[in-house]
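Take the two chains one at a time, then look at where they meet. The walk below starts with burial and ends with confidence.

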Amino acid sequence: MSVQTLTADQITAGESLPELSKDVSPVTVVLGAMASRDWRPQHHDYKFATENNGVQDIFMNTPNLAAWFERYVTDWTGPYGRMGWIRFRMKDSVFPGETMVFNGTVTGVDTDDVGCAWAEVELELVSGGRTTTVCTARVAIPAHEGDNPWKRRGDDWKPEASS
Amino acid sequence: MSELPAEVEGWIGQKRYETEGEFDVEQGYIFTTCSSVENGNPIYWDEKTANEITDGPIAPPAMISVWFRPHLWAPNRTEQAMPLQVHFDLKEIFALPEAVMSDNTVTFGEPVRPGDRLRTWQVLRKVSGEKQTKLGTGRFWDIDVEYVNQRGEWVGTESYTGYGYRRDS
């Protein structure tokens with residue numbers, strides 16, 4: 001299988017990531033909750049979500065949101081991209097019937113003291129026309145053709161550092 | 001003088017609920033998670049690509065908490081097990097029936113692979129005073145969840161900010 005390789009020299013701060021759009025159905029929410037083994041009723045039980053949580057419908061759970069953001073970032077980097085960290089703030093919930101739209105911008109490209117190249121990105125999830133989640137992520141990318149962040153182990157992997 | 005109950009003060013900074021996963025990291029859940037978010041990354045679907053890039057199959061890093069979410073039912077269990085038990089302890093001690101997670105940071109270490117058996121523990125970092133938000137009246141709290149593999153290698157840390165609340169009547 002031929003795979004895309006995005007390298008650090010191909011990325012510049014300020015550039016945009018390709019937009020990703022997904023219509024959300026009840027199945028999207030329930031499948032995401034079940035895939036992440038989250039049995040809490042607000043992610044599958046309309047009556048519970050509306051009456052106990054006071055929201056309009058069942059809503060997407062946190063671990064599945066993380067999986068969506070990870071997918072969005074690595075769609076852009078290709079399989080050599082290795083997430084260092086991801087930080088997100090949920091401002092509102094994602095409900096069935098809405099369309100999720102992911103957008104992102106590269107905010108920095110740097111190389112750490114062990115030679116690992118990193119891109120930092122700011123991401124936004126708009127669902128139903130509302131900004132529901134804002135996110136920052138740091139992802140290791142090959143410094144050049146032939147480099148592979150996944151081969152880094154122990155002291156050669158420093159995901160905590162940030163530019 | 002702190003307004004927090006002494007029991008909660010005593011939890012801050014302490015390693016609690018250290019536990020081993022109930023089952024090994026397994027491929028089926030990896031496929032199901034990738035399917036749920038339509039993630040076609042070939043390192044999760046194509047063994048040859050995984051061997052070349054990641055030295056064999058791995059789980060998507062964002063799945064880290066999946067391996068510790070307990071079964072909804074298990075034989076001989078008398079109480080329902082809860083993931084992120086510190087969060088539920090705080091809800092109970094402050095009598096806050098509802099809760100949401102507002103912030104989540106996940107930092108990733110060594111890749112997690114099918115067959116791994118992970119260990120985890122939780123650390124309460126801080127609890128706010130009582131706050132009023134549009135959801136109701138409650139408190140914010142920060143909890144770290146640390147994860148290591150069967151070799152003791154650090155595989156990740158999740159840091160949550162939760163808001164426990166009661167709806168205003």
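A residue is buried if 20 or more other C-beta atoms lie within 10 Å of its own, exposed if 12 or fewer, and partly exposed in between. This is a predicted model, so the burial counts here rest on predicted coordinates. By that cut-off, 42% of the 163 residues of chain A count as buried.

Start with the layout of chain A. Its secondary structure comes to three helices and five strands. Read from the N terminus, the order is β-α-α-α-β-β-β-β. Along the principal axes, the C-alpha atoms of chain A fill a box of roughly 55 × 35 × 30 Å. Take the contacts in chain A with a separation of 6 or more: residues 24 or more positions apart account for 68% of them.

Now find helix α3 of chain A, residues 62-77. This helix has 16 residues. From its first C-alpha to its last it reaches 23 Å, close to the 22 Å expected at 1.5 Å a residue. How many of the residues of α3(A) are buried? The count is 15 of 16, so the helix is mostly covered by the 20-neighbour cut-off. Just after α3(A) comes G78(A), which takes a positive phi of about 85°.

The helix leads straight to the core. The largest nonpolar core has 69 residues. Those with the most contacts inside it are F69(A), V73(A), I86(A), A137(A) and V139(A). Which element gives the most to this core? It is α3(A), with eight residues. In soluble globular proteins, nonpolar side chains tend to be buried together. Look at V73(A) for one set of neighbours. Leaving aside residues within four places in sequence, V73(A) is in contact with G81(A), M83(A), V121(A), A137(A) and V139(A). A137(A) and V139(A) are also among the core residues with the most contacts.

K158(A) gives another view of chain A. This lysine lies in the segment after β5 (130-141) of chain A. Is K158(A) buried or partly exposed? It counts as partly exposed, because it has 14 C-beta neighbours inside 10 Å. Beyond its neighbours within four places in sequence, K158(A) is in contact with D112(A), V114(A) and C116(A). K158(A) and C116(A) are 42 residues apart along the chain, and their C-alpha atoms are separated by 8.4 Å.

Turn to chain B. Its secondary structure comes to five helices and six strands. From the N terminus on, the elements run α-β-α-α-α-α-β-β-β-β-β. The C-alpha trace of chain B spans about 60 × 35 × 30 Å along its principal axes. Chain B has 169 residues, and 35% of them count as buried. Among its contacts between residues at least 6 apart in sequence, 73% join residues at least 24 apart.

Next, the place where the chains meet. The contact takes 36 residues from chain B and 37 residues from chain A. On the chain B side, the elements that give two or more residues are α2 (27-36), α3 (42-45), α4 (47-54) and β2 (98-108). Which of them gives the largest share? It is β2(B), with nine residues. By class, the side of chain B that touches chain A has 15 nonpolar, 13 polar and eight charged residues.

Follow β2(B) in both directions. Toward chain A, five bridges join β2(B) to strand β2 (residues 82-90) of chain A, and the two run antiparallel. I86(A) has V106(B) as its bridge partner in β2(B). I86(A) has come up before, as one of the core residues with the most contacts. Within chain B, 10 bridges join β2(B) to strand β6 (residues 154-166), again antiparallel. There, T107(B) stands opposite T157(B) in β6(B). In a regular strand the side chains alternate between the two faces of the sheet.

Last, confidence. The mean pLDDT of chain B is 93, and 97% of its residues reach 70 or more. Among the elements of chain B, α3(B) has the highest mean pLDDT (98) and β2(B) the lowest (89). That is the strand with the largest share of the chain B side of the contact. For the complex, the predictor gives an ipTM of 0.95 and a pTM of 0.88.

Note on methods: Residues numbered from 1 in each chain as written. Chains lettered and ligands numbered in written order. Predicted model: local features only at pLDDT ≥ 70, side-chain atom pairs only at ≥ 80, totals over all residues. Helix = DSSP H or I, 4+ residues; strand = E, 2+ residues; numbered from the N terminus. Contact = placed C-beta atoms within 7 Å. Nonpolar A, V, L, I, M, F, W, Y, C, P; charged D, E, K, R; others polar. Pairing = 2+ DSSP bridges. pLDDT = per-residue confidence, 0-100. Expected span 1.5 Å × (residues − 1). Core = buried A, V, L, I, M, F, W, Y, C linked by C-beta atoms within 7 Å.
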